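Visitor: I am new to this structure. Please take any closed space inside it, look closely at what surrounds that space, and then place it within the whole chain.

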Amino acid sequence: ILEEENLVFDYPLFQLKLDYSSETIYAKMPNNSKIEVGSFVVIPTRYGKDLAKVMGQVQKPVGIKQSDIVTIERKVTKEDLKKRDELIQKEKDAFPIFKEKVAAHKLDMKLITTHFLFEEPKALFFFSSDNRVDFRELVKDLAGVFKMRIELRQIGVRDEAKMLGGLGICGRPFCCSTFLGEFDPVSIKMAKEQNISLNPSKISGNCGRLMCCLKYENDAYVDLLKRAPTPGSLVDTPQGKGIVVENALIKETCKVRLNNSPDTLSSFPCSQCKVLKAA
């Protein structure tokens, strides 16, 4: 095992998906037993033991920590698959019941998905709401209907996107549902530092929040900005003095309007531009 940000595993690592969520789960098989892609297995989850589908084997995992990996408990049987089909139908039937009870209690709740755990008498209801909801009476009502433990989970729009999945404007599956473990804070300042259009439709994800990928290269841009002269600064270049018009941070160059040639712009490495007067 190497450093945590570049782990190398000496056992097969599998990518799994839960039935009710697009979130990726990484797992290992006891004794390195063989397992087929597309088959189902039983794994421990944060809510209890549940079924997950094997999506494939991960060859070179990136950004995966030891704490992200669960151990597959067993493969499923034909009886397990039959029970899974029954639970999926129960989940579909639970949708209108939940909405009916919410309306009866006059609560502001939007049901995202519902799920019945495989090996426990427990039902999960994931919902979103703009306000904090007191759902204690609703839980009692639902427990009376389903005769099992009821757990309601209020999630935000980012968690909703992570759970439901989809494709981003880049054409790839959402980062949050494939490899992101936690949501890092993202600010409009990051878009400004990277000189990205501030058009909301171009910097917002399907969840309506700023795209998580704005964070990925931000540290590199912040470092480059420290070493690049600010547009409008007076600089001394190999060809004379001039005013910085714009920077190309990735190339680490800047365009300068030279005093001795004001009609053209000349490009120089930032390291060759000595700031005489900052903007």
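Guide: Helices and strands here are runs assigned by DSSP, at least four residues long for a helix and at least two for a strand, and they are numbered from the N terminus. Counted in this way, the chain contains 6 helices and 14 strands. The chain is more spread out than a compact globule, because its radius of gyration is 26 Å, well over the 19 Å given by the globule rule for 279 residues. The model is a predicted one. Its C-alpha trace spans about 85 × 50 × 25 Å along the principal axes. Of the 279 residues, 39% are buried. Among contacts with a separation of 6 or more, 56% are between residues 24 or more positions apart.

Now to the closed space. The count is 1 cavity of 30 Å³ or more, and the largest cavity holds about 60 Å³ of space. Its lining consists of Asp19, Asp50, Leu51, Arg84, Leu87, Ile88, Glu91, His115, Phe116 and Phe118. The elements that give two or more residues to this lining are β4 (48-58), α1 (78-104) and β7 (110-116). Helix α1 supplies the largest share, 4 residues. By class, 5 of the lining residues are nonpolar, 1 is polar and 4 are charged.

One of the lining residues, His115, gives a good way in. His115 belongs to strand β7. Buried means under 20% relative accessible area. With 4% relative accessibility, His115 is therefore buried. The side chain of His115 makes a polar contact of 2.5 Å with the side chain of Asp50, and another, of 2.8 Å, with the side chain of Glu91. Asp50 and Glu91 also line the cavity. When neighbours within four places in sequence are set aside, the contacts of His115 are Tyr20, Asp50, Glu91, Lys122, Ala123 and Leu124.

From Asp50, the trail leads to Thr45. Thr45 is part of strand β3 (residues 40-45), and beyond its neighbours within four places in sequence it is in contact with Leu18 and Asp50. The side chain of Thr45 also reaches the backbone oxygen of Gly48, at 2.5 Å. In the loop between β2 (24-28) and β3 sits Gly38. Gly38 is partly exposed, as its relative accessible area is 34%. Leaving out neighbours within four places in sequence, Gly38 has contacts with Lys53 and Val54. Gly38 and Ser22 are 16 residues apart along the chain, and their C-alpha atoms are separated by 15 Å.

Helix α1 also holds Asp80. Asp80 is buried, because its relative accessible area is 11% and buried means under 20%. Setting aside neighbours within four places in sequence, Asp80 is in contact with Arg74, Lys75 and Phe118. Phe118 is itself one of the residues that line the cavity. With Arg74, Asp80 has a side-chain to side-chain polar contact of 2.7 Å. Asp80 and Leu107 are 27 residues apart in sequence, and their C-alpha atoms are 36 Å apart in space.

Strand β7, which holds His115, has a further link, to helix α3. In helix α3 (residues 157-164), the residues Arg158, Glu160, Ala161, Lys162 and Met163 are buried. The buried residues of α3 pack against β7 and β8 (122-128). After α3 comes Gly165, with a positive phi near 75°.

An open space can be set beside the closed one. The second largest pocket has a volume of about 500 Å³. Its lining has 22 residues, and the closest to its centre are Gly168, Cys170, Pro173, Phe174 and Cys175. By class, that lining has 14 nonpolar, 5 polar and 3 charged residues.

To return to the cavity: β4, α1 and β7 each give two or more residues to its lining, and the side chain of His115 has polar contacts with those of Asp50 and Glu91.

Conventions. Residues numbered from 1 in each chain as written. Predicted model: local features only at pLDDT ≥ 70, side-chain atom pairs only at ≥ 80, totals over all residues. Heavy atoms only, no water. 1 Å grid on protein atoms, 1.4 Å probe; cavity = no way out; pocket = protein on both sides within 12 Å on 5 of 7 lines; lining within 4 Å. Points joined across faces, edges and corners; volume = space filled by probe spheres on them. Nonpolar A, V, L, I, M, F, W, Y, C, P; charged D, E, K, R; others polar. Polar contact = N/O pair within 3.5 Å; in protein donor to acceptor, adjacent residues only side chain to side chain. Contact = heavy atoms within 4.5 Å. Rg over C-alpha atoms; globule rule 2.2 N^0.38 Å. Buried < 20%, exposed > 50% of the residue type's maximum accessible area, 1.4 Å probe, protein only.
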